[in-house]
Amino acid sequence: MWASSPVVYTSIKPVAMLVKAVAGDDLDVKVLLPDSASPHDYALKFSDLRALREANLFVWVGPELESILAKALRGIPGENQFSLAGIKTLHWPEHLSHDHHGEHTSDHSLHDNELSKDPHLWLSPENSLKVGEALLEQLSNKYPQLKGNFTENLRTFSKGLVVLDDKIEKQLEHVKQQGFIVLHDGYGHFVDHYGLNQLSVIKLSSGAGRGARHYSDMMALGDQVACVFTEPQLNSKSAIQLANTLGSNHAELDLMGTNVMLSDDSYLEFFTAFADSFATCLSD
Ligand SMILES: [Zn+2]
């Protein structure tokens with residue numbers, strides 16, 4: 001249809017997977033951040049700024065996640081950027097594991113604002129469907145001649161996701177009571193959607209320190225902890241140490257879809273593997 005397809009740039013792989021689910025092969029979906037990067041502390045390169053300017057559309061979660069992009073996007077016209085966190089219909093879970101053990105009490109106004117919304121919204125299938133619907137509207141406004149294709153793609157994606165959600169619900173049913181600790185506070189949407197028993201968080205994505213008191217609190221959980229989850233983007237040493245000391249399992253949880261190849265089905269592949277990691281470590 002075009003000599004070359006319009007380019008939609010996305011900030012991170014999970015956003016790209018959702019855009020690809022709707023856009024299919026009609027748009028050229030690219031990812032800005034490398035797979036190895038954590039969006040919480042990424043440093044933009046000059047080539048990234050050029051990519052932002054040249055993109056026909058840039059899709060990101062929002063300043064709560066990719067804070068580094070907020071300033072760079074000020075120079076990009078509003079119709080060429082779309083923030084998923086701005087979608088009105090999304091469900092925001094109560095912030096989980098926001099345990100008050102001293103480190104937040106001194107400056108509540110700052111931290112409450114920062115912690116009230118868990119920006120890792122792609123970990124809830126309910127929200128991912130809403131993102132798909134919002135992307136259909138966004139992409140159809142920009143490329144009206146492709147609306148039929150986008151609509152068909154979203155229908156296929158939604159069907160697949162509803163089936164997968166149901167399957168995961170059953171898969172996790174028998175491990176709902178099993179306690180676990182995650183490496184950073186990124187799992188609220190998943191934990192809330194499937195009613196899982198997250199006991200604590202090792203690091204905060206804001207980078208705010210958690211002191212020795214927090215470590216002893218985690219140690220005190222003892223054999224309530226069935227698994228400690230590590231992540232490919234973050235140094236997992238402390239988490240593995242903690243698991244060894246507690247005598248619990250540990251396993252890697254990849255919320256960024258690091259090894260997933262971008263395709264129409266990549267979100268479903270990613271989410272299947274993500275749920276499997278939970279189920280396996282919690283049932284061992
Ligand atoms: Zn995160």
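Analyst: A residue is called buried when its relative accessible area is under 20%, exposed when it is over 50%, and partly exposed in between. The structure under discussion is a predicted model.

User: What makes Asp25 count as exposed?

Analyst: The relative accessibility of Asp25 is 63%. The cut-off for exposed is over 50%, and therefore Asp25 counts as exposed.

User: How do you know that Asp25 and Lys20 meet in a salt bridge?

Analyst: A salt bridge requires a side-chain nitrogen of Lys or Arg within 4 Å of a carboxyl oxygen of Asp or Glu. For Asp25 and Lys20 the distance from N to O is 3.3 Å, so the pair satisfies the rule. Lys20, at 11% relative accessibility, counts as buried, whereas Asp25 is exposed. In general terms, side chains of opposite charge can pair when their charged atoms come close.

User: Why is the pair of Lys176 and Glu169 called a salt bridge, and is each of the two residues buried, partly exposed or exposed?

Analyst: The closest N and O atoms of Lys176 and Glu169 are 2.8 Å apart, and the limit is 4 Å, so the pair is a salt bridge. Lys176 has a relative accessibility of 16%, under the 20% cut-off, and is therefore buried. Glu169 has 26%, which lies in between 20% and 50%, so it is partly exposed. Glu169 and Lys176 also belong, with Glu173, to a network of salt bridges. By the rule, the count for the model comes to 9 salt bridges.

User: What separates Arg213 and Asp217 along helix H8?

Analyst: Both residues lie in helix H8 (residues 212-219), and because they are 4 residues apart there, about one helical turn separates them. Their closest N and O atoms are 3.7 Å apart, within the limit of 4 Å, so this pair is a salt bridge too. Arg213 is exposed, with a relative accessible area of 52%. Asp217, with 23%, is partly exposed.

User: How do you know which residues are the protein donors of the zinc ion?

Analyst: A donor must be an N, O or S atom within 2.8 Å of the metal, the limit that applies to zinc. The NE2 atoms of His40, His120 and His184 lie 2.0 Å from the zinc ion, so they qualify as donors. In sequence the donor residues are spaced H-x79-H-x63-H. His120 lies in the loop between helix H4 (108-115) and helix H5 (125-142), and His184 lies in strand E5 (residues 179-184), so the pair ties together parts that are 64 residues apart in sequence. His120 has 1% relative accessibility and counts as buried; His184 is buried as well, with a relative accessible area of 5%.

User: What does the interface of domain 1 and domain 2 consist of, and how many salt bridges does the rule find across it?

Analyst: The domain assignment gives domain 1 (7-101 + 119-165) and domain 2 (174-283), with C-alpha centres 23 Å apart. In this interface, 40 residues of domain 1 are in contact with 37 residues of domain 2. The area buried between the two domains is about 3200 Å², and carbon and sulfur atoms give 62% of it. The rule finds 0 salt bridges across the interface, but 13 residue pairs in polar contact. On the side of domain 1 that touches domain 2, the elements giving two or more residues are helix H1 (13-23), strand E2 (28-31), H5 and helix H6 (147-172). The largest share of that side, 7 residues, comes from H1.

Definitions and conventions. Residues numbered from 1 in each chain as written. Predicted model: local features only at pLDDT ≥ 70, side-chain atom pairs only at ≥ 80, totals over all residues. Heavy atoms only, no water. Buried < 20%, exposed > 50% of the residue type's maximum accessible area, 1.4 Å probe, protein only. Donors = N, O, S within 2.8 Å, 3.2 Å for Na, K, Ca; no water. Domains from an automatic or database assignment. Contact = heavy atoms within 4.5 Å. Buried area = accessible area lost by both parts, 1.4 Å probe. Polar contact = N/O pair within 3.5 Å; in protein donor to acceptor, adjacent residues only side chain to side chain.
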